[in-house]
Structures are given as structure tokens and as C-alpha cells.
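Colleague: Could you pick one residue in this model and walk me through its surroundings, then work outwards from there? A close look with the cut-offs would suit me best.

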Amino acid sequence: MTKAWYELDSRPTGTRYWAAVVRKQPSAVLVAVQLFAIALLPWVEAEPWGRAVIAGLSLVAVTFGIWVIRSTPALTWLALLIGLPAFVLEVWSVVDADNTPVVFTAHLLLAVFYLYVAYGLVAYMFADTWVTKDEMFAVGAAFTVLLFAFAYLYFAVQTVAPGSFAMPGGGDQRTFLELLYFSAANLTSVGLSDITAVESHARAAVILEQLTGVLYVAMVISRLVALTVMRARG
């Protein structure tokens, strides 16, 4: 029987070590990709080529999202069926930014894809009663995935209903970073945002995210804390 990489007498080094980390802890890589995207957005979003960079980051995130799904009870083929068309349409929306149906469909599909990845991660964390290191990273990965999912949903909403999200001194359209900031304020329930949902569909989406954030803490994090305590006492 082949030993796992962390059970070997001498741990692999260099490229082999990082390949093993990606293979055994894909949730950690997904968290890193999402956080890197958040840190990079302020630098690239205002540039003419910024949309292309964001599309590239979407490809990386979609790729690792599908890779993560392979380790969960969710269906990989369904993730591919949603994720790949979403990325193709995202690239199309970069080339043809004035094509409202394409921009709307691209961001709606990305929102659906991220929600499905979040479902897979939550199912992965609930699949057993033993908390692994990757499951701990999955807590953060699922949260950041939900953060992006609702930001993409908000972007889709404002594409077909300009002015759905208002802010002091702003126009009808919010940037993706602004909607991501608004998404974080709602998902974490801190409420620290100068952006407000003013249209009915936008408000309905915000209510769903606020409930998701509360339920995530109540169901997922509390369960993992309880399992960790049980393990320590066991």
C-alpha cells in the first residue's frame, strides 16, 4: 500500500512537495487564489486591460474550483458543465462589453458555478466526523467562494437593471470590486458599506446573502468547532 505524502519517512522537497500540497490540500490553494484576486483587483480593475486580467483570474479560480470539486461528494461533470461555459462567456463579455445578454449570462453562470463549488465544499466538510487539515482550509475556501458568488450575482442583476445598487456620488453601475466589497459586508454581517440595494431584485439577492452568511456560521463553523472539541477530548 502506498503511503500518503505526509506519512513518508522523508518528506518530498521542492516541486514534488508543492505538487503534493496541491493534490492533498486543494482547498488551501483555492483560498490563496481568491485572496490574491481580491488583493490584485484595485491595481488592475481601472486599467484598459483590467477586464482581461480579471477573466484570467476567473479561469484560474474556475480551474481550481473544479479541482476542489473532485475531492468532494459533488459531481465533477456538473462543475465542468457550468464552469467552462461561464468562463467562455466571461471572455466574450470582455471582448464585447456592450453585449448585455452575454455579460448577464456570463456573470449569472459564474455565480451558479461558485455556489455549486460552495455546496461541494460544505458537503465535503459534513461527509465525516473527522476534521482534516484540508477541511479546515475548506471553511475559508467556501466562505470566499460564497463572497465571489454573490458579487457575480449582483453584477448580473445590475447588468439588466442599472441603478440597482446606489452609492453617494456614484452612477448607475458599480464596479466588480465595489460589488465584492458590498458582498463581503453582507456575508460577514458587519454592514460596513456605503453601497445600498435600491431595486427589488437587488434587495432579494442581498437578503439571500445575509441569510447564507448567518446560516454558514451557525451550521458549518459551529459543527467543525464541536468536532474539534470532541476530537481533543476523545
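Modeller: Happily! Leaving aside residues up to four places away in sequence, His-107 touches Arg-51, Glu-90, Ser-93, Tyr-152, Phe-155 and Ala-156, where contact means heavy atoms within 4.5 Å. This is a predicted model, in which local features need pLDDT of at least 70 and side-chain atom pairs count only at pLDDT 80 or more, while totals for chains, interfaces and linings use all residues. Residues are numbered from 1 along each chain as its sequence is written, and side-chain values use heavy atoms, with hydrogens and water left out.

His-107 counts as buried because its relative accessibility is 3% (buried is under 20% relative accessible area, exposed over 50%, partly exposed in between, with a 1.4 Å probe and protein chains only). The residue is found in helix H5, which spans 100-125 (helices are DSSP runs of H or I with at least four residues, strands runs of E with at least two, numbered from the N terminus).

Two of the partners of His-107, Glu-90 and Ser-93, take us to helix H4, residues 76-95. Both belong to the H4 side of the H4 and H5 contact, which also includes Leu-78, Ile-82, Leu-89 and Trp-92. Facing them in H5 are His-107 itself and, among others, Val-103, Leu-110, Phe-113 and Tyr-116. By class, this contact has 15 nonpolar, four polar and one charged residues (Ala, Val, Leu, Ile, Met, Phe, Trp, Tyr, Cys and Pro are nonpolar, Asp, Glu, Lys and Arg charged, the others, Gly among them, polar). The axes of H4 and H5 come within 8 Å and cross at roughly 145° (lines fitted to C-alpha atoms over the stretch in contact, with angles from 0 to 180 degrees between N-to-C directions).

Another partner of His-107, Phe-155, leads to the second largest pocket, where Phe-155 is listed with Ala-97, Val-103, Thr-159 and Gln-173 as closest to the centre, out of 13 lining residues. A pocket is an open set of points on a 1 Å grid where a 1.4 Å probe fits, with protein on both sides within 12 Å along at least five of seven lines, and lining residues have an atom within 4 Å of a point. Its volume, the space filled by probe spheres set on the points, is about 210 Å³. H5 and helix H6 (133-160) each give two or more residues to this lining, and H6 gives the most, with three. The lining has three nonpolar, seven polar and three charged residues.
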